[in-house]
Amino acid sequence: MTEKADLQSVLDRAAAGGRITPEEALDLYRDAPLHALGAAADAVRRRKYAGTEHIATYIIERNINYTNVCVTACKFCAFYAAPKDTAKGWTRDLDDILRRCAETVELGGTQIMFQGGHHPDYGVEYYEKHFAAIKKEFPQLVIHSLGASEVEHMARISKVPVEEAITRIHRAGLDSFAGAGAELLPERPRKAIAPLKESGERWLEIMEIAHKLGVESTSTMLMGTGETNAERIEHLRMIREVQDRTGGFRAFIPYTYQPENNHLKGRTQATLFEYLRMIAIARLFLDNVQHIQGSWLTTGKEVGQLSLHYGADDLGSIMLEENVVSSAGAKHRSNRLEIIDLIRKAGRVPAQRSTTYEHLVVHDDPANDPVDERVMSHISSTAIEGGTAHPELKLLASN
Ligand code: SF4
């Protein structure tokens, strides 16, 4: 264990770009003063973005939930319906999905995240058909979707190797994987919350295969379901090790568990301080991952704003539709002008980015700010509302 007096020297080394060990990361995560952790992480961010360190980015996207029917029954999930639960389960047809894509394009969205349950009938062919149809009508939309869990599931349904599944959905239109399903990668906490999901090792193995096939991804972490600090750092170590080999993880995105409407009774959420410490330690430990994303959706706008001072360079998406974490209790919502304002008040220049982090619009002059407040994140439950779109979206669709 690192002596308290040595913590600052480890922080100084990390801030100067030196690699830290998992043991040092754990000591810093547990014991370094919060402000010192944030200052070191911010120093790394500034150096990584020298020349554009004054900018913080966001993206406009839409989550499209194609079904909530799922055989995997993760205990933390408030979104899914078991296949035999016909009263709660739903699926969306292709016309509905294409209409949502059209609305996304019309509102200036550049990315869709196709997200849903592990439906017992959806193999590789389902995703090929849908991605090809989306790309045919909306070639400008980036399909940044799914993750290793969906790949494992669809390959099993279609009885093909995961390499073939990835190659086929990539050819059909998938641009990159969203890193879904990482949850907690170490075995103990993963089994406790998602006993039917593939192991963390397997999740990483599939991501590594994808990276080698030219399909990059982001990586995520679900915090606050009862995992230890050591298990959180182990999760980071597992990602860093794969990233050393592939370089295919574009970003790391931790988010906090939402406790409503699920089967994890008695678990606590990560505190906001723990979340900020994770943003900072990720920036210091994951020296081979370019982007660290702050999440305002599960932690609130102020914490999202603070994350920009703890190593985050990006605030993720203004989601035109989101139904998964909102089903579990995430209540925060925002529109584009609020996100721009929030980033500005954090002392940064906001910029709308693409999926691959190019700056599409840099909002360096408030006089030129966008005026369309309909670009608003919609937080509600499609499952509860029976699949209705946001009122603004409906208005737009009927105009
Ligand atoms: S998190 Fe995903 S895989 Fe797990 S139950 Fe929910 S929809 Fe299914």
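This talk describes a predicted model of a protein chain with a ligand, moving from the overall fold to the sheet, the nonpolar core and the ligand shell.

Good morning, colleagues. I begin with the chain as a whole. The protein chain has 399 residues, of which 61% count as buried. Its secondary structure comprises 16 helices and 10 strands. Where contacts join residues at least 6 apart in sequence, 77% of them link residues at least 24 apart.

Let me turn to the strands, starting with β2, residues 111-115. How many residues of β2 are buried? The count is 5 of 5, and the strand is accordingly described as mostly covered. Gln-111, Met-113 and Gln-115 point one way from β2, while Ile-112 and Phe-114 point the other way; residues on both sides are buried.

β2 has a parallel partner in strand β1, residues 55-65, with 5 bridges between them. Within that pairing, Asn-65 has Gln-115 of β2 as its bridge partner. The connection from β1 to β2 runs through helix α4, residues 94-106, and forms a right-handed β-α-β crossover.

β2 also pairs in the parallel sense with strand β3, residues 142-145, over 2 bridges. Here the bridge partner of Gln-111 is Val-142 in β3. The chain passes from β2 to β3 by way of helix α5, residues 124-137, and this β-α-β crossover is right-handed.

We may now return to β1 and follow its pairing with β9. These two strands are parallel and share 4 bridges; Ala-56 is matched with Pro-350 of β9. Why is strand β9, residues 349-353, described as largely enclosed by the rest of the structure? The reason is that 4 of its 5 residues are buried, a term that requires under 20% relative accessible area.

β9 is in turn joined to strand β10, residues 359-362, by 3 bridges, and this pair runs antiparallel. Ala-351 has Val-362 in β10 as its bridge partner. The hairpin of β9 and β10 has 5 residues between the strands, and in this hairpin Tyr-357 takes a positive phi near 75°.

I come next to the nonpolar core. The largest one contains 106 residues. Which of its members touch the most others? They are Leu-28, Tyr-127, Phe-177, Phe-252, Ile-281 and Leu-284. Helix α11, residues 272-285, supplies the largest share of this core, with 9 residues.

Leu-28 merits a closer look. Setting aside neighbours within four places in sequence, Leu-28 is in contact with Leu-7, Val-10, Leu-11, Ile-20, Leu-37, Arg-277, Ile-281 and Leu-284.

One of those contacts, Leu-11, lies in helix α1, residues 4-15. Is Leu-11 buried or exposed? Its relative accessible area is 2%, so Leu-11 is buried. With the same sequence neighbours left aside, the residues in contact with Leu-11 are Leu-28, Ala-32, Ala-36, Leu-37, Ala-40 and Leu-284. The C-alpha atoms of Leu-11 and Ala-39 are separated by 9.3 Å, although these residues stand 28 apart along the chain.

Finally, the ligand. Which residues surround the ligand? The shell consists of Cys-70, Thr-72, Ala-73, Cys-74, Phe-76, Cys-77, Tyr-80, Gly-117, His-118 and Lys-197. By class, this shell has 6 nonpolar, 3 polar and 1 charged residues.

That concludes the presentation. Thank you.

Definitions and conventions
Residues are numbered from 1 along each chain as its sequence is written. This is a predicted model: local features need pLDDT of at least 70, side-chain atom pairs count only at pLDDT 80 or more; totals for chains, interfaces and linings use all residues. Side-chain values use heavy atoms; hydrogens and water are left out. A residue is near a molecule or strand if one of its heavy atoms lies within 4 Å of it. Ala, Val, Leu, Ile, Met, Phe, Trp, Tyr, Cys and Pro count as nonpolar, Asp, Glu, Lys and Arg as charged, and the others, Gly among them, as polar. A nonpolar core is a set of buried Ala, Val, Leu, Ile, Met, Phe, Trp, Tyr and Cys residues joined through side-chain atoms within 4.5 Å. Buried means under 20% relative accessible area, exposed over 50%, partly exposed in between (1.4 Å probe, protein chains only). Contact means heavy atoms within 4.5 Å. Two strands pair if DSSP finds at least two bridges between them. A crossover is right-handed if, with the strands pointing away from the viewer, the path from the first strand over the helix to the second runs clockwise.
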